[in-house]
Amino acid sequence: RGWLDEITPEDLERFDYVSLHAPKFDYGANEGTEAIFAKIERINKTRELDVVVFHPDLVTDLAVFRHAPFKVAFENMDRRKLSFQTPEELRRVVMENENFRAVLDVNHIYTNDPTMQSTPRFYEGLGDRIVQIHISGYAKLHDPLYITKQTEIIAAVKDLTLPIIIESIISPDEVEKERDYILQTFQGFHRL
């Protein structure tokens, strides 16, 4: 048992959007995958999840996702990974099933391409399969954008109608600072 077993309907009822980032695991036809899926399914029955995010580089058998009882999305990977860093690689897995979706992590794009010139290829290749954006700065990993001032990462977010998850590793007293910096920077690129 763990904290996932303790989630109640009351924990999730006030949220308009709930996404879950699945744990890093070698997903395939194995007992561990079944156990993780059972926990996700229990939460999904408590409150239907808008999406469950997986790292595709850890998938050993894509077939286990084909009939998942929850919405599945795969995220593009950072430069530390050996695959799924390009839009073409992510598109191959996402297009495997009509129910699969994509999560675009603009920090991960930056780690592979600091010019961010590959960003349009992600939007063109994945189109409406992109259901969520992850954003954070990059100095070492998922750094605060209000510190890194990497406006090129923020500018890579082209669709503000999608849910945007701030993945910066910050303390509770930095949350508003990070949010406000990102919103102010968006205002410079988009009319909000």
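In this predicted model, the side chain of His55 makes a polar contact with the side chain of Glu75, at 3.4 Å. A second polar contact, also listed at 3.4 Å, ties the His55 side chain to that of His21. His55 sits in the loop that runs between strand S2 (51-54) and strand S3 (72-75). With a relative accessible area of 11%, His55 is buried. Setting aside residues up to four places away in sequence, His55 touches His21, Lys24, Glu75, Met77 and Lys81.

Next come the strands on either side of that loop. S2 and S3 run parallel and are joined by 3 bridges, with Phe54 standing opposite Phe74 in S3. S2 also pairs with strand S1 (residues 19-21): these two run parallel as well, again with 3 bridges, and here Ser19 stands opposite Val51 in S2. Helix H2 (residues 31-46) joins S1 and S2 in making a right-handed β-α-β unit.

What about the side chains of S2 itself? In a regular strand, side chains alternate between the two faces of the sheet. In S2, Val51 and Val53 point one way while Val52 and Phe54 point the other way, and all are buried.

Phe54 turns up again among the aromatic residues. Ring pairs link it into a cluster with Phe25, Tyr27, Phe37, Phe65, Phe70, Phe74 and Phe100. The model has 13 aromatic pairs, counting rings whose centres lie within 6.5 Å. Take Phe25 and Tyr27: their ring centres are 5.5 Å apart and their planes stand at 70 degrees, so this pair is edge-to-face, the cut-off being over 60 degrees. Phe25 is partly exposed, at a relative accessible area of 28%, whereas Tyr27 is buried, at 1%.

Further along the chain, Asp78 lies in the loop between S3 and helix H3 (87-94). Asp78 counts as buried, at 5% relative accessibility. The Asp78 side chain makes a polar contact with the side chain of Arg80 at 2.7 Å. Asp78 also meets residues from elsewhere in the sequence: leaving aside neighbours within four places, Asp78 is in contact with Gln85, His108, Thr111 and Asn112. Of these, Thr111 is 33 residues away from Asp78 in sequence, yet the two C-alpha atoms are 5.8 Å apart in space.

Notes
Residues are numbered from 1 along each chain as its sequence is written. This is a predicted model: local features need pLDDT of at least 70, side-chain atom pairs count only at pLDDT 80 or more; totals for chains, interfaces and linings use all residues. Side-chain values use heavy atoms; hydrogens and water are left out. Rings of Phe, Tyr and Trp (its six-membered ring) pair if their centres lie within 6.5 Å; planes under 30 degrees apart count as stacked, over 60 as edge-to-face and the rest as tilted. Buried means under 20% relative accessible area, exposed over 50%, partly exposed in between (1.4 Å probe, protein chains only). Helices (H or I, at least four residues) and strands (E, at least two) are DSSP runs, numbered from the N terminus. A polar contact is a pair of N or O atoms within 3.5 Å; within protein, one must be able to donate a hydrogen and the other to accept it, and residues adjacent in sequence count only if both atoms are side-chain atoms. Contact means heavy atoms within 4.5 Å. Two strands pair if DSSP finds at least two bridges between them. A crossover is right-handed if, with the strands pointing away from the viewer, the path from the first strand over the helix to the second runs clockwise.
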